[in-house]
Amino acid sequence: MTHIPTDTAPRVPATKVAEFSNPLVLSEDHHLCPGCGHPVAWRLLCEVMTELSLAQRAVGVIGHGCYTTAATLTDLEWLQCLHGRAPAVATGVKRVHPQAAVFTLQGDGDMVTEGLHELLHAAARAEPITCILLNNGVFGDTGGQMTATTVVGQRTKTSLDGRDPATHGFPIPVADLLRALPGTAYVARGAVNNAGSVAQTKKFLRRAFELQLEGAGFTFVEILTMCPTGWFIPTAEGPDYVATTFEETFPVGQLKTSSAG
């Protein structure tokens, strides 16, 4: 007869280390494609808003893209504006309500292809707002076309053989451009493709809002997100694609830090 040992060691009760659901996230369900990284990014935003007690004084300005559904799934105050114009609208909101925590949430198509000038001018003026870029390198909401941040070799609906610099030019490293402007107080680039990156990105978002509240100037956080549908890859390969393709062109980390003067 086989003896089956019985585990008589005392059981240690499980300890909850964090709330599964954030009060600002109205629903865990969304209509975005499986494997999309956007919902992770806006959940981090809600967590930072909660931890800094900013929910009642935050105003988000949102553009047009897949991520726009965040406005209906999060309990924050939102304004939607014309394609690419979020930094200009956020500037107006902040000047009228200087005590508000004002931010933009935009995709790479909206912020970089359509509205790069708005972003750069807001940063050059040192507007005390926080701009958040969700960068997956495609116009996901309109079918998956190439954007100004599509990396070399990346397939899209308008670059089926991969982005070719000779034909399409090179991707624009927005964070690197902003780092060079005197008006920027904080510039960072994170990702949401693994647990470590998620934790790091949350720290970047928190620091960006802390500096805004201190009056340091313009703050910016780029977040590399997954879009397996737009990349023509299996859903499970999305996180690795970010690490091996996007991070080669857009390395993550803090690019510029400062303290309020």
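## A walk through the chain, starting at Asp 176

Select Asp 176 first: its relative accessible area is 28%, so this residue counts as partly exposed. Keep in mind as you click around that you're looking at a predicted model. Asp 176 sits in helix α7, which covers residues 174–179. Now show what surrounds the side chain. Setting aside residues up to four places away in sequence, Asp 176 touches Arg 189 and Leu 255. For a distance check, draw a line from the C-alpha of Asp 176 to that of Gly 107: the two are 69 residues apart along the chain and 17 Å apart in space.

Next stop: Thr 91. You'll find Thr 91 in helix α3, residues 86–96. Is Thr 91 buried or exposed? Its relative accessibility is 6%, and buried means under 20%, so Thr 91 goes down as buried. Light up its partners too: leaving out neighbours within four places in sequence, Thr 91 is in contact with Ala 122, Arg 125, Glu 127 and Ile 129.

Now jump to helix α1 and select residues 38–51. Those 14 residues reach 20 Å from first C-alpha to last, close to the 20 Å expected at 1.5 Å a residue. How many of the 14 residues of α1 are buried? The count is 11, so the helix is largely enclosed by the rest of the structure. Colour the buried ones and you'll get a mixed bag, including Trp 42, Leu 44, Leu 45, Val 48 and Met 49, along with Arg 43 and Glu 47. His 38, Pro 39, Ala 41 and Cys 46 are also on the buried list. Just past the end of α1, click Ser 53 and check its backbone: phi is positive there, at about 55 degrees.

Time to zoom out and show the whole chain as a cartoon. You should be able to pick out 10 helices and 9 strands. The C-alpha atoms fill a box of roughly 80 × 50 × 30 Å along the principal axes. The radius of gyration is 20 Å, which agrees with the value near 18 Å for a compact globule of 261 residues. Of the contacts with a separation of 6 or more, 68% are between residues 24 or more positions apart.

Finish with a surface view. The accessible surface comes to about 12300 Å², and carbon and sulfur atoms own 56% of that. Buried residues make up 51% of the chain. Colour by charge and you'll have 18 positive and 24 negative side chains to look at, with the centres of the two sets 6 Å apart.

Technical notes. Residues numbered from 1 in each chain as written. Predicted model: local features only at pLDDT ≥ 70, side-chain atom pairs only at ≥ 80, totals over all residues. Heavy atoms only, no water. Helix = DSSP H or I, 4+ residues; strand = E, 2+ residues; numbered from the N terminus. Rg over C-alpha atoms; globule rule 2.2 N^0.38 Å. Buried < 20%, exposed > 50% of the residue type's maximum accessible area, 1.4 Å probe, protein only. Contact = heavy atoms within 4.5 Å. Areas by Shrake-Rupley, 256 points an atom, 1.4 Å probe, with all protein chains shown as cover. Lys, Arg positive; Asp, Glu negative; His and termini not counted. Charge placed at Lys NZ, Arg CZ, Asp CG, Glu CD. Expected span 1.5 Å × (residues − 1).
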